Amino acid sequence: MSAVPASPPAEQAHVRRNFICHLLEGGFYMGGLAFLSPESVMPKMAETLGAQPTLIAMMPALLPAAFSLLGLFVAPMVERLHHHKPWVLAFGLLQRLPYLVTGLILLLVENIDDRILPIVVLTPVISGVVGGIGVVAWMEMVTRMVPERLRAAGWAARYIMQACIGMGAGGTIHWVLTHLPGKEGYGWLHLITFGFLALSWLSQLPMREPTSSTPPAPDPGDSYTTRLRSLPALVWHQPHLVKFMLVRFTGMGYLMLVGFLTVYALRITGRAEADEGLFVSFQNVGTILGCILAGWIGYRSGGKMLLLTSRALCLILCLWIASAHSFSSFTVAYFVLGFGLFIDRVGDLTLAAELCPSNRRSTLQAVLGFCNVWAFLTATFFAGRLYAWADHSFHTVIVAAAIFAAISILLLRTIPEPRSVIQTTPVPLDEQP
């Protein structure tokens, strides 16, 4: 029996509830990760544990790269799903468990000093790989739940909540690492992170997935392998997406900087490791203001303007860091980092969703994510090798990040804002894998 269509007031109630749950899910998840901030805590933790420069540089990229690794391969299955929420909940629970396990190991298991580094490195990797199996379904579910004009505001609201939690995280990190340095402190930070991730998972339970059209019946001659082999042709028929991939790849200036920024700032200023918590707090103040601006600009103008703004801020940040010497100067740098980085993330998510035709959105989002793996890893690996080659000169990395940002601006200017042009025709049926 077919479901009775919901009345407009009921539909509005579902949109409102889904939007609030979407906000809470993202805010708790990303806010929880602030206690192990990939941009500040993780690189310094890796350096303290004896990691080489290349691994230190790659710490901020491990979680997002792992997240994007398997999405491409599960997208054909996700496109056949009638309902995405069960898939999202199942893999979402599994992706959060590594933080609980690691926290308990660090607190309860003795004599593992030589294994702490691989344990803390593998935690975001395992979490990201498992989460990547569910992220394609999650992205499709959220895109259906949140109307187009509210998407930028939705991403911004999530990041604002993250930043509010992150401001508290900064003080918590400072207290924990001051009173419980080393293995015990990092164990508690992992458990605190898991607590917020669990709240994030629970926030998804009330979400109501909208009724969607029935997925097409699988063609016996259209095998899984055939669909994967046909993806290059599918992407090639979306030329603006190809440019967008290059924009993402060259837009890794922030990621190249953050791997060494905390290490460099604490070394230059002579401050204690616990003071990285203050960097987290100032970064989150910038995140709040950046997300408020991003939500307003994204609602009015779309994602392209946000990305142009973020790339320009990356150039300003490079110039500022190159001349910074005092602790207060670096706190300003972290403010600008939070401001620009999250304008970048809101713009990226908004523009990606609007560039992908709705009839193949899951697959194309997965392709974009898979390409991001290599962008994350290549940019951070290059930054790490450049840092080591230049005899630990952070200024060399700064110059490279600035060049990447400038190239990204030039490429981005060639992509039209989807809201200002007539939408392209959906991919023809005979060209769909």
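Let me begin with a term: a residue is called buried when its relative accessible area is under 20%, and I will use the word in that sense for this predicted model.

I would like to start with the cysteines. How many disulfides does the structure hold? The count is 0, and two cysteines show what that looks like in detail. C314 takes part in no disulfide, and the cysteine sulfur nearest to its own, which belongs to C318, lies 4.5 Å away. A disulfide would need the two sulfur atoms to be within 2.5 Å, so at 4.5 Å the sulfurs of C314 and C318 are not counted as one. Seen from the other side, C318 is likewise in no disulfide, its nearest cysteine sulfur being that of C314. Are these residues buried or exposed? C314 is buried, because its relative accessible area is 2%, and C318 is buried too, with a value of 3%.

Now let me turn to the backbone, and to the loop between α16, which spans 361–389, and α17, which spans 394–412. Most residues other than glycine have a negative phi. In this loop, however, D391 has a positive phi, near 60 degrees, and H392, which is found between α16 and α17 as well, also has a positive phi near 60 degrees. Neither residue is buried: D391 counts as exposed, because its relative accessibility is 67%, while H392 is partly exposed, with a relative accessible area of 43%.

So, when you look at the model, please find the buried C314 and C318, and then the loop that holds D391 and H392.

Notes. Residues are numbered from 1 along each chain as its sequence is written. This is a predicted model: local features need pLDDT of at least 70, side-chain atom pairs count only at pLDDT 80 or more; totals for chains, interfaces and linings use all residues. Side-chain values use heavy atoms; hydrogens and water are left out. Buried means under 20% relative accessible area, exposed over 50%, partly exposed in between (1.4 Å probe, protein chains only). Helices (H or I, at least four residues) and strands (E, at least two) are DSSP runs, numbered from the N terminus.
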